[in-house]
Amino acid sequence: MNKKAILVLIILLSISSFSQDKLIEQKVENLLKQMTLEEKIGQLNQYTGDGGATGPVTINPNKQAEIKQGLIGSMLNVMGVQHTRQYQELAMQSRLKIPLLFGLDVVHGYKTTFPLPLAEAASWDLEAIEKSARIAAIEASANGIHWTFAPMVDIGRDPRWGRVMEGAGEDTYLGSKIAFARVKGFQGKKLGDLDAVMACSKHFAAYGAAVGGRDYNSVDMSERMLWETYLPPFKATVDAGVATFMNSFNDLNGIPATGNAYLQRDILKGKWNFKGFVVSDWGSIGEMIAHGYAKNGKEAAFSAITAGSDMDMESNAYRYNLAALVNEGKVDIALVDDAVRRILYKKFELGLFDDPYCFSNAERQKKALNNPEHTKFAREIAAKSIVLLKNENNLLPLSKQIKTIAFIGPAVKPARGNHGFWSIDVKEVDSTYIISQWKGLENKVGKNTKLLYARGCGFEDNSKAGFDEAIAIAKQADVVILTIGERWDMSGEAKSRSNIQLPGVQEDLVKAIHTTGKPMVVLINAGRPLVFDWTADNVPTILYTWWLGSEAGNAIADVLFGDYNPSAKLPMTFPRSEGQIPIYYNYFNTGRPSKEENHTNYVSAYIDLKNSPKFPFGYGLSYTTFEYSNLQLSSSKIKESEKITLSFQLKNSGKVAGEEVVQLYIQDKFASVVRPVKELKDFQKIKLQPNETKTITFIIDKEKLSFYNQKLDWITEPGEFEVMIGTSSADIRLNQLFELIN
Ligand code: GLC
């Protein structure tokens with residue numbers, strides 16, 4: 001198609017989209033004019049259904065009656081064609097027949113489940129991450145779900161916080177790219193398509209910085225850190241066209257996020273011009289009373305609607321107080337109308353007024369929930385998410401001719417645990433489709449390989465009664481595989497841990513098996529970085545297997561036997577001890593940096609521990625090796641308006657094909673505010689055959705050199721920069737200085 005035709009097409013598409021917007025806006029206005037104040041407030045009211053509470057439930061026995069009166073606009077935790085249809089039929093009995101929105105936490109899959117989001121982030125594979133969200137949307141939308149409360153885009157630098165499992169880790173650049181990909185995946189080509197669901201950017205904002213890593217705790221941070229580190233992933237979701245936002249439980253610098261006009265009106269709806277709507281987190285409007293920010297529900301409702309919270313999830317604050325606030329002239333009806341418009345717009349955009357049951361189709365449900373393509377992909381992305389931490393004696397990949405394997409540990413047999421937190425117990429399907437780690441090994445090995453099993457111990461209990469049996473089968477085996485970690489529900493919401501060591505007596509089990517002298521592989525299952533110092537120092541072969549979803553067993557077996565060469569890289573820093581937390585790679589150098597090799601006094605260091613992490617951000621090994629060479633910059637001096645093309649050679653110097661995540665870091669050597677020792681500014685995942693070499697190029701432009709100055713203006717400053725190419729943040733293979741000039 002020639003350029004002129006493309007231009008005409010783009011113009012026509014823009015006109016049609018513009019006219020579609022105008023058409024919907026007109027429909028919204030026509031409907032709004034007919035609504036009573038109670039009906040308007042009804043649209044701002046959301047309750048949970050019977051599909052499993054995800055917070056302290058508001059007892060309201062009249063939900064069904066209130067839906068018929070048009071006093072509820074959305075339900076969450078209602079799933080399946082039958083249930084959503086039943087609730088929608090109630091809404092169709094209301095005076096204006098305004099359809100309900102059905103929301104659900106489809107965080108990493110619906111029936112087909114994928115690795116925890118933090119594990120997926122370890123794949124650094126944006127295309128795969130987008131596809132994972134796309135499949136989740138296809139399955140969820142076929143089950144009556146219009147709206148997923150995902151992606152969670154909170155930056156997580158504190159592994160004591162159980163919700164790091166839901167996000168993309170510690171880095172703003174990687175987190176922003178993944179946030180964008182997930183929104184695109186969930187929302188598909190456009191909202192209104194039957195396989196598209198509204199995404200929800202959460203939790204706005206800075207929830208991951210809760211003091212002490214304790215969930216729901218206060219957050220106090222500088223404007224600089226807020227803008228530089230915590231807000232960009234949210235902005236990336238706005239750029240991706242996210243339909244909704246969810247605010248967060250925490251107070252930020254003294255103001256609860258739910259009542260924070262700076263966040264929701266000044267930044268989100270003002271500076272970022274966000275046109276969707278904001279749902280409160282579960283009960284967070286009413287919780288402003290506990291915060292000590294509102295004396296009662298009425299004050300809480302006033303603060304929330306004034307600050308830009310459009311929908312009230314489960315707190316009843318709007319339901320019982322907003323009408324009085326409007327009638328008393330304390331809240332301008334325009335604020336209520338704005339919130340209602342935003343919500344009605346999405347209901348029109350989804351096509352729910354044309355057909356309120358369009359997402360509740362039994363045929364589509366059956367097809368979507370049994371799609372072998374989804375299962376195949378779940379296995380692929382799970383393998384891509386497994387991080388090879390150690391392989392010192394090249395024990396991996398295992399030979400398929402092994403005679404006897406002992407598979408030991410509390411994670412061997414349970415199936416459901418592989419789903420991890422924030423998975424959905426879909427009543428329409430049973431959990432036998434989930435491939436346990438034992439089943440995965442059975443599926444992989446031939447009839448000449450004998451598998452022995454012992455649990456050894458539990459995840460959390462302190463009983464060593466199972467050790468003898470475990471040691472006994474280890475002694476009979478050629479190789480021992482030990483699979484341990486946190487139980488699946490030890491990370492997630494309200495799962496903060498003060499001690500992130502391997503729970504119970506699991507590390508004692510590792511030691512006991514280690515004394516047999518048998519070759520052993522340790523698999524660590526968790527939703528967060530754990531501390532496992534002895535194991536990390538003494539076991540030569542370790543895989544971090546997170547919780548990998550419904551194909552976990554097959555994916556783990558694929559990696560163990562080399563049918564997939566591990567390529568994942570850590571999206572979060574792994575500390576040596578909780579005492580180092582918060583610990584992250586892009587720290588400031590300080591005036592007294594510590595050089596570990598010659599530790600001296602009067603430097604920024606602990607007297608009892610190294611500063612460096614156990615495993616750094618961006619770290620992960622492969623069954624092959626990669627060589628980096630010949631770094632070239634197109635120029636060593638550039639002006640702000642110019643760009644540098646950086647290139648280097650990457651060679652697979654090993655014997656098997658593999659993928660390498662090459663990471664580009666930049667340090668601004670001197671600036672008007674201190675700058676991190678390095679910041680991730682780009683990355684590529686490259687697949688190479690043995691002995692194959694590729695030239696890799698990156699572009700360094702103004703965006704990669706910009707930062708917030710003292711006045712929080714986003715600027716660049718002339719001066720010296722260092723560009724670094726690394727296989728991890730702590731293993732820089734190539735580097736060079738260049739200068740930004742006026
Ligand atoms: C929970 C979570 C939030 C979730 C919501 C609905 O409390 O904080 O992430 O989407 O409630 O389940």
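Is I542 buried or exposed? Select that residue to begin, keeping in mind that the model on the screen is predicted. I542 has a relative accessible area of 0%, and because the cut-off for a buried residue is under 20%, I542 counts as buried.

**First stop: I542 and its surroundings**

With I542 still selected, display strand β16, residues 541-544, in which I542 is found. Then show the residues that I542 touches beyond four places in sequence, which are V387, L388, L389, K390, V522, I524, F532, T535 and A536. For a sense of distance across the model, add M225, whose C-alpha atom is separated by 35 Å from that of I542, the two residues being 317 residues apart along the chain.

**Second stop: helix α20**

Strand β16 is also one of the elements against which the buried residues of helix α20 pack, so α20 is a natural next selection. Colour residues 552-560, the extent of α20, and note that this helix is mostly covered, with nine of its nine residues buried. The buried residues are A552, G553, N554, A555, I556, A557, D558, V559 and L560. Besides β16, their packing partners include α15 (372-384), α16 (437-444), β14 (479-485) and β15 (520-525). Just after α20, stop at G562, which takes a positive phi of about 80 degrees.

**Third stop: W534**

Move next to W534, which has its place in helix α19, residues 533-538. W534 is partly exposed, with a relative accessible area of 25%. Leaving aside neighbours within four places in sequence, the residues in contact with W534 are E507, V510, K511, H514 and V539. If S280 is selected together with W534, the C-alpha atoms of the two residues are found to be separated by 43 Å, with their positions 254 residues apart along the chain.

**Fourth stop: the domains and their interface**

Now colour the protein by domain, with domain 1 covering 3-363, domain 2 covering 383-580 and domain 3 covering 626-741. The centres of domain 1 and domain 2, taken over C-alpha atoms, are separated by 36 Å. Where these two domains meet, 47 residues of domain 1 are in contact with 39 residues of domain 2. The area buried between domain 1 and domain 2 is about 3300 Å², and carbon and sulfur atoms give 60% of that area. On the side of domain 1, select K111, P159 and R160, which lose the most area to domain 2 and together account for 18% of what that side buries.

For the polar part of the interface, the count between domain 1 and domain 2 is 23 residue pairs in polar contact. Two salt bridges are found across the interface of domain 1 and domain 2. Show the side chains of E493 and R163 as well, since these meet in a salt bridge at 3.6 Å, N to O. Helix α5, residues 117-121, contributes four residues to the side of domain 1 that touches domain 2, and this is the largest share of that side. The residues of that side divide into 22 nonpolar, 12 polar and 13 charged.

**Last stop: R224**

What does R224 touch, not counting residues up to four places away in sequence? Select R224 in helix α8, residues 223-230, and then display T229, V673, Y708, N709, Q710 and L712, which are the residues that R224 touches. R224 is buried, with a relative accessible area of 18%, a value that falls within the cut-off of under 20%.

How values were computed:
Residues numbered from 1 in each chain as written. Predicted model: local features only at pLDDT ≥ 70, side-chain atom pairs only at ≥ 80, totals over all residues. Heavy atoms only, no water. Domains from an automatic or database assignment. Contact = heavy atoms within 4.5 Å. Buried area = accessible area lost by both parts, 1.4 Å probe. Salt bridge = Lys/Arg side-chain N within 4 Å of Asp/Glu carboxyl O. Polar contact = N/O pair within 3.5 Å; in protein donor to acceptor, adjacent residues only side chain to side chain. Helix = DSSP H or I, 4+ residues; strand = E, 2+ residues; numbered from the N terminus. Nonpolar A, V, L, I, M, F, W, Y, C, P; charged D, E, K, R; others polar. Buried < 20%, exposed > 50% of the residue type's maximum accessible area, 1.4 Å probe, protein only.
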